[in-house]
Amino acid sequence: MKEEQRTLILQSSSDFPPPKGVKLSYGTAGFRADASLLQSTVYRVGILAALRSLKTQSVIGLMITASHNKVSDNGVKIADPNGGMMSQSWEPFADALANAPDPSQLLALIDDFVTKECISFDGGHPVEILLGRDTRPSGKSLLEAAKMGISSIIGAVAHDMGVLTTPQLHWMVRARNLGAKSTEYDYFLQLSQSYRSLVDLVPDKNKVIKLNDRLVVDGANGVGGDKLLVLRDFCNGLAVEVRNTSRGQGVLNKGVGADFVQKEKVAPSGFGISDVGLRCASLDGDADRIVYFIVRPDSNKIDLVDGDKILSLFALFIQEQLNFLKDDEQGKTCNPYCPRLGVVQTAYANGASTAFLKNLGLEVVFTSTGVKYLHEKATEYDIGIYFEANGHGTILFSDGILSWLEAKKKELASTWKGDELGFHFHCLFPGSEKQKAVLRLLAVSKLINQAVGDALSGLLLVEAILVHSGGSIHKWNELYHDLPSRQLKKRTLDARSRQTTVGGGSNVKVVDRTAVVTANAETVVVQPAGIQEAINVETAKYRQGRCFIRPSGTEDVIRIYAEAATQEEADSLANSVAKIVDQFLGYVARTIGT
Ligand code: G16
């Protein structure tokens, strides 16, 4: 690095001292913490984004959000050139950067890294970063910190895209780097047009049943509801009522949102007895997750239609379209093409969903929690569908299958004789089922966000498939019956309060969540020693028992998941394992969510 560049970093970083006694980690989805701790981190991630742009010679994204976390938290994450999460190989550098104690050590780190990564500052390519933020009140000033970080790399340019959902920013980055249209308007246009294409391919009889059937959406008091209102106008005819937008009185994610609905299994604030039986959905704070639900007549309980069920609906639809095309390929004497369809889940996937998917003959694989892991795995298939039970997921189409579909589209169009023969199908599009299957798959590839899980594009695909199948949310929910489950979280102490007096005034030795180390897609705890054996002994006492613990990558908690034959047993197993966590981690914590 030139002297001028070094001086600039030293000067500007001195305005952003890191908070004392706090160690931050890039985690499941970027850095997250109380917003008051993040000025320095976000400034430094600004530097990181500029270096990533220099290294990849591409446009990079920087999003200020803490998604499902409480409103006082915030966070920052990077979108890579393909719109996906930042390469995991850069995470150790991100951690080191965030935790460097002073400007000179920060500079030394950057110096070393730039040399190691052979990052050139020769100015041969534009260095551009797209910035977005959600509706959190702390977002504006953190965005300014990010801009300062970016401008401390000579020649780097920040483009403030304003308040966005996280998936919108990822989509824009991907589109920019593909040389495609990439504004927010283009996002809405692409989603709405591909949604309309899917609906145009639906037989009329199903459309009549479904299109006027209202969907009610909880926007988590965040950005997702606001953007859905815009998307609804683009879709022209989509019957959606949006509640809990950021313009109301409610607090972001408080008693609302996909995380709350999925974990607590109750209706969000603003939903009640008048919604019983309706098709409802809930987005999370930055609209990268979606779950559906049906309000039950008894209290505010719901039937949850979670990410696993969304995945199952998508898998059935994709498999149906591929089956239309399979016969064609099987008849071929040479080079038949058999697209590989795969499904990716995590340990949180309900056992009943995995059994259902395997029963369909699908290949199901597991990764650790975090879209970055699922997404990577899904790219190994021609069509890879990934979803976390919490509603975060998408469908990825490989370049290979997209070319094949385009070629197939041409081939089938040239051989279609239906119009001449006077066939008229009951839908807007005249053509064979094979042709329609090709067009449907191509429309799905444009509708569903190829960069990251996206609640808005997921919602439109669910709605289009329900119209296509003429089915209701009730029928969808009956695809299989979830095994009863329970999730708990045990708070660990934040770095500032560790080693202080907790637990009713007595001095208790506390550990942080990183004391829990897992393996095998988080199904086994390898540290602390002995805890997994204790969990196994407890789990074996329950019919259809399954249980695991893992440290959260977004909150200062240890998560506990239990599944069993009845709700009482699942609750009991989760509570027993929570006690084991207390014993092994030496900290009597408060149990939340029971
Ligand atoms: C993020 C990740 C998800 C993950 C969730 C919870 O979601 O993107 O993949 O499932 O955190 O992670 P953890 O259990 O490690 O806290 P979001 O919606 O908060 O960005």
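These legends walk through several close-up views of a predicted model.

**View 1. Three domains make up this protein.** Start with the layout along the chain: domain 1 runs over residues 3-163, domain 2 over 180-482 and domain 3 over 485-592. Now look at where domain 2 meets domain 3: 12 residues of domain 2 are in contact with 11 residues of domain 3. On the domain 2 side of this meeting place, seven of the residues are polar, three are nonpolar and two are charged.

**View 2. A shell of 18 residues lies around the ligand.** Which residues come nearest to the ligand? They are Thr28, Ser67, Ser552, Gly553 and Thr554. Sorted by class, the shell holds 10 polar residues, six charged ones and two nonpolar ones.

**View 3. Helix H2 covers residues 39-56.** Here is a little sum you can follow for yourself. At 1.5 Å a residue, the 18 residues of H2 should span 26 Å, and the end C-alpha atoms are indeed 26 Å apart, so the expected and computed values agree. Is H2 mostly buried or exposed? Because 16 of its 18 residues are buried, H2 is largely enclosed by the rest of the structure. Just after the helix comes Gln57, with a positive phi near 55°.

**View 4. Two stretches carry UniProt domain annotations.** An unreviewed UniProt entry gives residues 56-89 the label "domain: Alpha-D-phosphohexomutase alpha/beta/alpha". In the model, this span is 35% strand and 3% helix, and its end C-alpha atoms lie 13 Å apart. The unreviewed entry also places "domain: Alpha-D-phosphohexomutase C-terminal" at residues 519-579. That span is 36% helix and 30% strand, with 21 Å between its end C-alpha atoms.

**View 5. Leu362 sits in a loop.** Look for this residue between helix H12 (351-359) and strand S12 (363-366). How does Leu362 count, given its 18 C-beta neighbours inside 10 Å? A residue needs 20 or more such neighbours to be buried and 12 or fewer to be exposed, so Leu362, with 18, counts as partly exposed. Leaving aside residues up to four places away in sequence, Leu362 touches Ala315, Leu341, Val343 and Leu357. Take Val343 as one of these partners: Val343 and Leu362 are 19 residues apart along the chain, and their C-alpha atoms are separated by 7.1 Å.

Note on methods. Residues numbered from 1 in each chain as written. Predicted model: local features only at pLDDT ≥ 70, side-chain atom pairs only at ≥ 80, totals over all residues. Domains from an automatic or database assignment. Contact = placed C-beta atoms within 7 Å. Nonpolar A, V, L, I, M, F, W, Y, C, P; charged D, E, K, R; others polar. Near = placed C-beta within 6 Å. UniProt positions renumbered as here; feature names shortened; annotations may be inferred. Helix = DSSP H or I, 4+ residues; strand = E, 2+ residues; numbered from the N terminus. Expected span 1.5 Å × (residues − 1).
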